[in-house]
Every structure is written in C-alpha cells, then in structure tokens.
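Me: Hey, I'm new to this one and could use a walk through it. Can we go step by step?

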Amino acid sequence: CDWSSDVCSSDLVQSLDFSNVRMVGGDLDPEQVESLMQSEKALHEVCSTLAEDRGPTIVFCPTVAVAQAYNAVMNVRYRRGRSAVLWADSEDDEREQVGKQLANGDIDYVFNVDLYTEGFDVPHLERVVWAAPTASLVRYTQGCGRVFRTHPSLRDELTGERSEAAARRLLIEQSPKPIGKIVTYYPQNCKHQLCDPIDIL
C-alpha cells in the first residue's frame, strides 16, 4: 500500500454527528453508534458511494443490526444481489459459501461484524471498508490487515533478502492485485480520536 489518495481514502458522512457519542471499553459506544448509523440518510450516504466500487470488499460494521441494514439497502437500492452479511453467529457453511461467492466474483461486498479480523486470510481481497468509525487501533489495524495479502500467484515468488525489496515491489505491481485499498467513513463531528490509515504506519 503506497498510502496515495486513490488507495486510502476517508469519506465524510455529512449526516452523522458523533459529538455526543461516549467511549465504552476503549471504543465508541456500540449502542449509540448503531442508532446513528441506522438513520436513512447515513445508510444511503454510505451505500451510494460504496456502490461505486467493484471487486471483493469486506465492510466492517459496528453491530449486526447496522450490517443487516447496510446489506438490505445495498441489495435493494444500489447493487441487487451483490452483497451478503455475516457475523459471529453465522453458520460455518454460510461463511464458507459467502467466502466462495466473494472469491468467485458472485458478490462484491460482505458486511461483517467482528468476523474478518485477526487470522482470516483473504488474499484475493481488493478493498477493506470501515463503514463505521472506530477508536480502537488494534481492531482497525487487524481489519485493515485483511487487504495486505498479496495475490496467491506470488506466494512462492516473494522471497529473498531485504536488498531485493525493489524486485518484490515490481512483482506485486505486475500481479493481478497490485494494490489493496482502505476506505474509512467518518462522521462530520466527533470528540474522540478516530483511527485513520496513517495510524497503521
């Protein structure tokens, strides 16, 4: 990731005001965030811009209710049949099926809640989206890490010493997945420090 504006972007959601959202356990209060994120204006602001992107995308949501709302709006209004929703209680066979659909290009978006974080490898992924802000750097970094995997065709190619970094970068640039994108949606007002792609550096 070269952190250019076309790779990492921050989208302001004008209809969201988080000025009264409090912190709970090191992150924004999920109940307050859920209430604000389910407003019709916010749902359409996020989904309308998200629908402009194509390709395998994992969307991180704050709660199951918000993930389901995004999925419903996306499937009905913007990209019919191109998204799915998963969370911790989703059955294993459903997770497997959705994962295959994302890999095969049958869907473009998986709205998820605390599922595709640490230890989940999706090498074909093109984009990670934070559809609700977070103040947890650990959570944010783990989620963004899903898009840092190189294309599977390079698995045995990216070896060597540090001195060969330029050659490795060239291989990545010429691969079917030259970059991974991070998109983060922010409220127009928040009193807490929210995570941004630059924090990962």
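Reply: Sure. One term to start with: buried means under 20% relative accessible area, exposed means over 50%, and partly exposed is in between. Also keep in mind that this is a predicted model.

Me: Okay, let me try that out. Is R127 buried or exposed?

Reply: R127 has 4% relative accessibility, and because the limit for buried is under 20%, R127 counts as buried.

Me: And which residue does R127 form a salt bridge with?

Reply: With D53; the closest N and O atoms are 3.7 Å apart. R127 sits in strand β7, while D53 is in the loop between α2 (40–50) and β4, so this pair ties together parts that are 74 residues apart in sequence.

Me: What about D53, how accessible is that one?

Reply: D53 comes in at 25% relative accessibility, so D53 counts as partly exposed.

Me: Why would two side chains like that pair up at all?

Reply: In general, side chains of opposite charge can pair when their charged atoms come close.

Me: How many salt bridges does the structure hold?

Reply: Six salt bridges. Another one is between D27 and R139, with 3.7 Å between the closest N and O atoms. That pair links distant parts of the chain: D27 belongs to strand β3 (residues 27–28) and R139 to helix α5 (residues 137–144), 112 residues apart.

Me: Are D27 and R139 buried or exposed?

Reply: D27 has a relative accessible area of 14%, so D27 is buried. R139 is buried too, with a relative accessible area of 18%.

Me: Got another salt bridge for me? What does D108 meet?

Reply: The side chain of D108 meets that of R79, at 2.8 Å from N to O. D108 is in the loop between α4 and β6 (109–113), and R79 is in the loop between α3 (64–78) and β5, so the pair ties together parts 29 residues apart in sequence. D108 counts as buried at 6% relative accessibility, and R79 counts as buried at 13%. There's a bit extra here: salt bridges that share partners join R79, R82 and D108 into one network.

Me: Switching topic. How many aromatic pairs are there?

Reply: The count comes to four aromatic pairs. One of them is F60 with W130, which is stacked: the centres are 4.5 Å apart and there are 15° between the planes. This pair also links distant parts of the chain, with F60 in strand β4 (residues 57–60) and W130 in strand β7 (residues 127–130), 70 residues apart.

Me: Why give both a distance and an angle?

Reply: Because a pair of aromatic rings is described by the distance of the centres and the angle of the planes.

Me: Are F60 and W130 buried or exposed?

Reply: Both are buried. And ring pairs link F60, W130 and Y140 into a cluster.

Me: Now the surface. Where does negative charge gather?

Reply: In a patch on the surface made up of D89, E91, D92, D93 and E94. Take E91: its place is in the loop between β5 (83–87) and α4 (92–104). E91 has a relative accessible area of 53%, so E91 is exposed.

Me: What about S90, buried or exposed?

Reply: S90 is found in the loop between β5 and α4. With a relative accessible area of 7%, S90 is buried. The C-alpha atoms of S90 and A72 are separated by 17 Å, and the two residues are 18 residues apart along the chain.

Me: I was clicking on N20 too. Where is N20?

Reply: N20 lies in the loop between β1 (8–18) and β2 (23–24). At 64% relative accessibility, N20 counts as exposed. N20 and C190 are 170 residues apart along the chain, with their C-alpha atoms separated by 7.6 Å.

Me: Last stop: which strand holds Y185?

Reply: Strand β8 (residues 181–190). Y185 counts as buried, at 4% relative accessibility. From Y185 to A131 the spacing is 5.5 Å in space, C-alpha to C-alpha, with their positions 54 residues apart in sequence, meaning they are 54 residues apart.

Methods
Residues numbered from 1 in each chain as written. Predicted model: local features only at pLDDT ≥ 70, side-chain atom pairs only at ≥ 80, totals over all residues. Heavy atoms only, no water. Patch = residues over 30% accessible without salt bridge, like charges linked within 9 Å, V, L, I, M, F, W, Y side chains within 5 Å. Areas by Shrake-Rupley, 256 points an atom, 1.4 Å probe, with all protein chains shown as cover. Salt bridge = Lys/Arg side-chain N within 4 Å of Asp/Glu carboxyl O. Lys, Arg positive; Asp, Glu negative; His and termini not counted. Charge placed at Lys NZ, Arg CZ, Asp CG, Glu CD. Helix = DSSP H or I, 4+ residues; strand = E, 2+ residues; numbered from the N terminus. Buried < 20%, exposed > 50% of the residue type's maximum accessible area, 1.4 Å probe, protein only. Phe/Tyr/Trp six-rings, centres within 6.5 Å; stacked < 30°, edge-to-face > 60°.
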